[in-house]
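Q: I am new to reading protein models and would love a close look at one small part. Please start from a single residue and walk me outward from there.

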Amino acid sequence: MSESTTWSDGLPSVFVARLDEGGPAPGRPRRSLAVRTWRFVRWFLLTGIVLVVALTAASFGYNLSSNGPVPRPAGLLMASGGGFDTRYREWGTTGTPIVLVPGAFETADTFAALGPVLGADHRVFAIDLTGTGYSAPSPSYSTSQLAAQLLAFLAAEGLTGANAPVLVGHSSGAAVVGVAAVNAGARAVRGVVFLDGDATPLNGPGFLGWLLIDPYRTSLLRLALSQDWLIRQLYNAQCGPLCPPLSPAGVNTWRQPLQQPGFAGAVTYTLRHGIPSMTSAQFAALRVLLIPKLVVYGGDDPQMSASDEATTADRIGAPPPVTVPGRHLTMISSPRQVAAALRTLATGPGN
């Protein structure tokens, strides 16, 4: 290339001149499509690099500024066994044991309205599943892992044999209690209830789980959890007008468990693999298992129709489902109606 060669638009001027052949307008060279395309591509790449660097720096900075000890309520009850440290709540001292298992983004506190009602004549327990809440993180957060945690909790609390409980799984927790029942058998589980859940797969765009990496994952979760209005909006959409509004303390009850170690990993696992669910073989095994089964759901649940629930009841070998008022959080909107439905199973023949 000669010493007189200059550069224009990121390309040698001689190349630009050749691309512009064909009659440029007087006083202003006409840019060819190739040159304009190159300018756009170069601008796009440079802008993208600058944005990535800026966002990464901002994400690291935000994460550092928001680091600190995550608060935990005092007096948490913990059960250790089988390699799990499980946080739980309990109500009542007599009667058939009932264990309540939460769904996605829920904890034992989700059953704060239902537990005391059931506790009037039953021993009631509610747990935090690992990865969500105050239980110690224990990857991989798969359905089988969560079911193993549930069975380990039953063993740690002596809820086996003659003290075998009725397992109640809410939303995606239905799959956890279903798999636990299949794995443990009728000698370890007295009955199974699917509450607002059908235990079928619900897979999202799995690639998000691979794209949502640190430091962006931590920043996004912390930003979302810091928004009171977002927590209230999600609660209102899931719970409906029958539920009491969230007070500032109520917002924190939902937020604080999701700020604990393990939650980011559980979210990533769910994005990659979907919510806890049962396989066709597990459904078949649950159907023939000789224990009582029940399906209870909210009549206005936008996620589950009446036909969906009827199909679920048939799939697991349960009688026709029981409808109670409310949307997807019926243990909050209608605790007495849900308790009445559960008592029909927990106090039935043989219980």
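Which word fits D109, buried or exposed, and why?

A: Buried is the word for D109, because its relative accessibility is 17%. Buried stands for under 20% relative accessible area, exposed for over 50%, and partly exposed for what lies in between, using a 1.4 Å probe and protein chains only.

Before we go on, a word on how to read this. The model is predicted, so local features need pLDDT of at least 70 and side-chain atom pairs count only at pLDDT 80 or more, while totals for chains, interfaces and linings use all residues. Residues are numbered from 1 along each chain as its sequence is written, and side-chain values use heavy atoms, with hydrogens and water left out.

Now find D109 itself. It sits in the loop between β5 (97-101) and α3 (114-118). The Greek letters mark DSSP runs numbered from the N terminus: helices are H or I runs of at least four residues, and strands are E runs of at least two. Apart from neighbours within four places in sequence, D109 has contacts with R87, R89, Y134 and T253. Here, a contact means heavy atoms within 4.5 Å.

Stay in that loop for a moment and look at F105, which is also placed between β5 and α3. At 47% relative accessibility, F105 counts as partly exposed. Its backbone is worth a look too: phi is positive, at about 65°, although F105 is not a glycine. Most residues other than glycine have a negative phi.

The loop between β5 and α3 holds G103 as well. With 6% relative accessibility, G103 is classed as buried. Follow G103 across to another part of the chain: it touches H170, S171, S172 and G173, not counting residues up to four places away in sequence. G103 and S172 are 69 residues apart along the chain, but their C-alpha atoms are separated by 4.7 Å.

One of the residues that G103 touches is S171, and S171 lies in the loop between β7 (166-170) and α5. S171 is buried, at 16% relative accessible area. Like F105, it has a positive phi without being a glycine, and the value for S171 is near 55°.

S171 also leads us to H328. Setting aside neighbours within four places in sequence, H328 contacts H170, S171, D196, Q238, D301 and Q303. H328 belongs to the loop between β10 (322-324) and α13 (330-333). Its relative accessibility is 5%, so H328 counts as buried. Between the C-alpha atoms of H328 and G197 there are 8.8 Å in space, while 131 residues separate the two in sequence.

From the loop that holds S171, the chain leads to α5, and α5 has a helix partner. Two packed helices are described by the angle between their axes and the distance between the axes. Helix α4 (residues 143-156) packs against helix α5 (residues 173-184) at an angle of about 70°, with the axes 8 Å apart. Axes are lines fitted to C-alpha atoms, for helices over the stretch in contact, and angles between N-to-C directions run from 0 to 180 degrees. So α4 is roughly perpendicular to α5: that label covers 65 to 115 degrees, with under 35 roughly parallel, over 145 roughly antiparallel and the rest oblique. On the α4 side the contact is made by T143, L146, A147, L150 and L151, and on the α5 side by A175, V176, V177, V179, A180, N183 and A184. Sorted by class, the contact has 10 nonpolar, 2 polar and no charged residues. Ala, Val, Leu, Ile, Met, Phe, Trp, Tyr, Cys and Pro count as nonpolar, Asp, Glu, Lys and Arg as charged, and the others, including Gly, as polar.

Finally, step back to the whole chain. It has 14 helices and 10 strands. Buried residues make up 45% of its 351 residues. Of the contacts between residues at least 6 apart in sequence, 75% join residues at least 24 apart. The contact partners of G103 and H328 are a nice way to start exploring this on screen.
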